[in-house]
Amino acid sequence: MKLNIPHYTLAIKPYVPGKPLAELEREYGISDSIKLASNENPLGPSPQAVAAMGAYAQRMHRYPDEPGYALLQGIAARHQVAPEQVIIGNGSDEVLGLLGLALLQPGDEVIVPTPSFLMYTIVAQTAGAATVEVPLNDMAIDLDGVLSSVNAKTRIIFICNPNNPTGQVVPREAFESFLAALPDHVVVVVDEAYAEFVRDRHTFQGMDYLAADVPVVTLRTFSKAFGLAGLRVGYGVMPTALADILNRVRMPFNVNAMAQAAATAALDDDAFLEKTITLVHQGLDWFYAQLNRRRIRYVPSQSNFFLIDVARDAKIVFEQLLHEGVIVRAMSGYGFPQCIRINIGLPEENRRFLSALDKVLGNI
Ligand SMILES: *Cc1c(COP(=O)(O)O)cnc(C)c1O
């Protein structure tokens, strides 16, 4: 078979998903394992979303609303933007993909403060664009470094705020000076997948800059704070002119009807959102106190996850924790060979993780 595949497509490394819980349990002979590896909501899905899905099941013979009227209205109302400025996607990952499709071609460059979310580079590679990596400076995004990497070929700058996996945020003034210094041939994509968890009021929200000279796209998701990762719903808020372009490359019915119904209901589930945020903040504070007491280093976070410095090979600690039935993420592939990333779980999950860590690190 002769496939004429572009060289840049062949260069993409396949995404390696985390193994399903059931498979890990079989492999390691464990049961009742807990997963703190994917920044999911430990409380489960929003109950209002679950109720909406039950009611909606009877209507699955119908095509979804296109382009998703109720959900677009709900998102627009929540953020006080126009529905025409919103693009919904099959996860915010799809909106990232649409941005790549609409904005990038071979020879272009994107800038990614590194380490960050791996999807940005995959999106660039898919379009044949090159990724320019700008290392973090003491865990924070180096906006001056990003600025000095901008050239005539730069098309997209990805700013993950808070950044995954470090949990740090960019101060508002720093972002504003950065934005003012950018040439207008670039698009800034601000990924706010974890915005709901931010406690530091000195950061910025991408949506406040919809009228800036440089287009600013803000990405949000229902996968984390709203507990709907399995349904795949996310969205981008952007200037209408750019949304018009994305709508041309977007497949119709890209967000399925069940997902639209659930996400629309979740937007109104204030009680669930509040409960989630409180659980995460209390969990973070509990962990900080516990780790301080043990003199284990960590990176304080504005998100629902944080990095722990295990002061030894994180891949080995990851394996040892697996044997204890606790699934975390080793950060070796992100340039932190001695760090693991965990998300905040239920209080009993947090305690279970900590006793497993104590055992593995020899603290008990
Ligand atoms: C989890 C996550 C997303 C969300 O992706 P979805 O496709 O909406 O599930 C986006 N960006 C970052 C940085 C994330 O960690």
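In which segment does L3 lie? In this predicted model, L3 is found in the segment before α1, the helix that covers residues 7-10. With a relative accessibility of 57%, L3 counts as exposed, because the cut-off for that word is over 50%. L3 also belongs to a nonpolar patch on the surface, which is formed by M1, L3, I5 and L10 and which has about 520 Å² of accessible area when these residues are taken together.

From this surface patch we can turn to a sheet and to one of its strands, β13, which spans residues 339-343. Five of the five residues in β13 are buried, so the strand is largely enclosed by the rest of the structure. The side chains of the strand can be sorted by direction: C339, R341 and N343 point one way, whereas I340 and I342 point the other way, and all of them are buried. Strands of a sheet pair through backbone hydrogen bonds, and the pairing can be either parallel or antiparallel. On one hand, β13 is joined by five bridges to strand β10, made of residues 305-309, and the two run antiparallel. Within that pairing, I308 has I340 as its bridge partner in β13. On the other hand, two bridges connect β13 with strand β12, residues 329-330, and here too the strands run antiparallel. A330 is the residue that stands opposite I340 in this case, and a reader who starts at I340 can therefore trace the bridge partners A330 and I308.

Put together, the strands make an open sheet of four, in the order β9-β10-β13-β12, with antiparallel pairing. The edges of the sheet are held by β9, residues 297-299, and by β12, and since each of these has a single partner strand, one side of each is left without a neighbour in the sheet. A helix, α11, which covers residues 270-294, packs on this sheet and touches β9, β10 and β13, and the direction of α11 makes an angle of about 10° with that of β10.

The next stop is the backbone itself. Most residues other than glycine have a negative phi, and most peptide bonds are trans. Against that background, E66 and P67 are joined by a cis peptide bond, with an omega of about 10°, and P67 sits in the loop between α3 (47-56) and α4 (69-79). Another cis peptide bond joins N164 and P165, where omega is about 20°, and P165 belongs to the loop that runs between β5 (154-160) and α8 (172-181). As for phi, N39 has a positive value near 60° although N39 is not a glycine. This residue lies in the loop between β1 (34-35) and α3, and at 1% relative accessibility N39 counts as buried. M139 also has a positive phi, of about 75°, without being a glycine; M139 is placed in the loop between β4 (130-135) and α7 (143-149), and its relative accessibility of 22% makes it partly exposed.

Finally, charged side chains connect parts of the chain. How many salt bridges does the structure hold? There are eleven of them. In one, the side chains of E66 and R250 meet, at 2.7 Å from N to O. E66 lies in the loop between α3 and α4, while R250 lies in the loop between α9 (240-249) and α10 (257-267), so this pair ties together parts that are 184 residues apart in sequence. E66 is partly exposed, with a relative accessible area of 33%, whereas R250, at 10% relative accessibility, counts as buried.

In another salt bridge, the side chains of E109 and K153 meet at 3.8 Å, again from N to O. Here the link is between E109 in strand β3 (residues 109-114) and K153 in the loop between α7 and β5, which are 44 residues apart. E109 counts as buried at 13% relative accessibility, and K153 is partly exposed, with a relative accessible area of 44%. K359 and E324 form a salt bridge as well, their closest N and O atoms being 3.3 Å apart. This pair links K359 in helix α13 (residues 347-361) with E324 in the loop between α12 (314-323) and β11 (326-327), 35 residues apart. In addition, salt bridges with shared partners join E192, E196 and R220 into one network.

Conventions: Residues are numbered from 1 along each chain as its sequence is written. This is a predicted model: local features need pLDDT of at least 70, side-chain atom pairs count only at pLDDT 80 or more; totals for chains, interfaces and linings use all residues. Side-chain values use heavy atoms; hydrogens and water are left out. Buried means under 20% relative accessible area, exposed over 50%, partly exposed in between (1.4 Å probe, protein chains only). Two strands pair if DSSP finds at least two bridges between them. Contact means heavy atoms within 4.5 Å. Axes are lines fitted to C-alpha atoms, for helices over the stretch in contact, and angles run from 0 to 180 degrees between N-to-C directions. Patches are made of residues with over 30% relative accessible area and no salt bridge: like charges are joined within 9 Å, nonpolar side chains (Val, Leu, Ile, Met, Phe, Trp, Tyr) within 5 Å. Accessible areas come from the Shrake-Rupley method with a 1.4 Å probe; for residues, only the protein chains shown count as cover. A salt bridge is a side-chain nitrogen of Lys or Arg within 4 Å of a carboxyl oxygen of Asp or Glu.
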